[in-house]
Amino acid sequence: MANDFKRFCVPDVATSNTTLYTVPGSSKESIVIGITMANKSNSGITGSIFIDNEDGTNDVFIVKDASIPAGSSLEVMSGNKLVLQNDGSNADVLEGIASATSSLDITVSVLEDV
């Protein structure tokens, strides 16, 4: 199976859990190679990103309540890689939360079918 680079854009991330990316059933693993959070409002906000772990437990934050000034962006990955998995029946889900509605856009770059 060929590796596929993909980009997922999620505008207007909610103030509750918002799905950014789910490892597809056709892929056993995906590698997140970039996450950018962009504040499109006129005031500072915070943003969080976490993994809803496929095993039903051990959910973890990648970044929690990171400050993003008005009109700027935050590169979350900083050269790191993040492996997400699908065991055939359950998949890891990358989720985001914004501190204000209609303020945060998140872009996720992924290498699938690894």
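**Exercise 1. In this predicted model, work out whether T107 is buried, partly exposed or exposed, and find what surrounds it.**

Start with the accessibility: T107 comes out at 28% relative accessibility. Buried would need under 20%, and exposed would need over 50%. The value of 28% falls in between, so T107 counts as partly exposed.

Next, place the residue: T107 sits in strand 9. Now look around it, skipping residues up to four places away in sequence: T107 touches R7, F8 and C9, along with G34, I35 and T36.

Finally, try a long-range pair. T107 and P11 are 96 residues apart in sequence, yet their C-alpha atoms are 8.4 Å apart in space.

**Exercise 2. Find the residues with the most contacts inside the largest nonpolar core, and say which strand gives the most to this core.**

Begin with the core itself, which has 24 residues. V32, I35, M37, I49, L94 and I106 have the most contacts inside it.

Then ask where the core residues come from. Strands 2 (18-22), 3 (29-39), 4 (45-52), 5 (60-68), 7 (82-85), 8 (93-98) and 9 (104-112) each give two or more residues. Strand 9 gives the most, with 4 residues.

Zoom in on I49 to see this up close. Leaving out residues up to four places away in sequence, I49 touches L20, I35, M37, F61, I62, V63, V76, L94, E95, G96 and I106. As background, nonpolar side chains in soluble globular proteins tend to be buried together.

**Exercise 3. Give the strand order of the open sheet of 4 strands, and explain why one side of strand 2 and of strand 5 lacks a neighbour in the sheet.**

Read off the order first: 2-8-4-5, with antiparallel pairing. Strand 2 and strand 5 stand at the edges with a single partner strand each, so one side of each has no neighbour in the sheet. From one strand to the next, the twist averages 20°.

Now check one pairing. Strands 2 and 8 pair in the antiparallel sense over 4 bridges, and T22 stands opposite V93 in strand 8.

**Exercise 4. Decide whether S41 is buried or exposed, and describe its surroundings.**

First, locate S41: it's in the loop between strand 3 and strand 4. Its relative accessibility is 15%, so S41 counts as buried.

Next, list the contacts beyond four places in sequence: A70, G71 and S103.

Last, check the polar side: a polar atom of the S41 side chain lies 2.8 Å from the backbone oxygen of S43.

Terms used. Residues are numbered from 1 along each chain as its sequence is written. This is a predicted model: local features need pLDDT of at least 70, side-chain atom pairs count only at pLDDT 80 or more; totals for chains, interfaces and linings use all residues. Side-chain values use heavy atoms; hydrogens and water are left out. A nonpolar core is a set of buried Ala, Val, Leu, Ile, Met, Phe, Trp, Tyr and Cys residues joined through side-chain atoms within 4.5 Å. Buried means under 20% relative accessible area, exposed over 50%, partly exposed in between (1.4 Å probe, protein chains only). Contact means heavy atoms within 4.5 Å. A polar contact is a pair of N or O atoms within 3.5 Å; within protein, one must be able to donate a hydrogen and the other to accept it, and residues adjacent in sequence count only if both atoms are side-chain atoms. Two strands pair if DSSP finds at least two bridges between them. Axes are lines fitted to C-alpha atoms, for helices over the stretch in contact, and angles run from 0 to 180 degrees between N-to-C directions.
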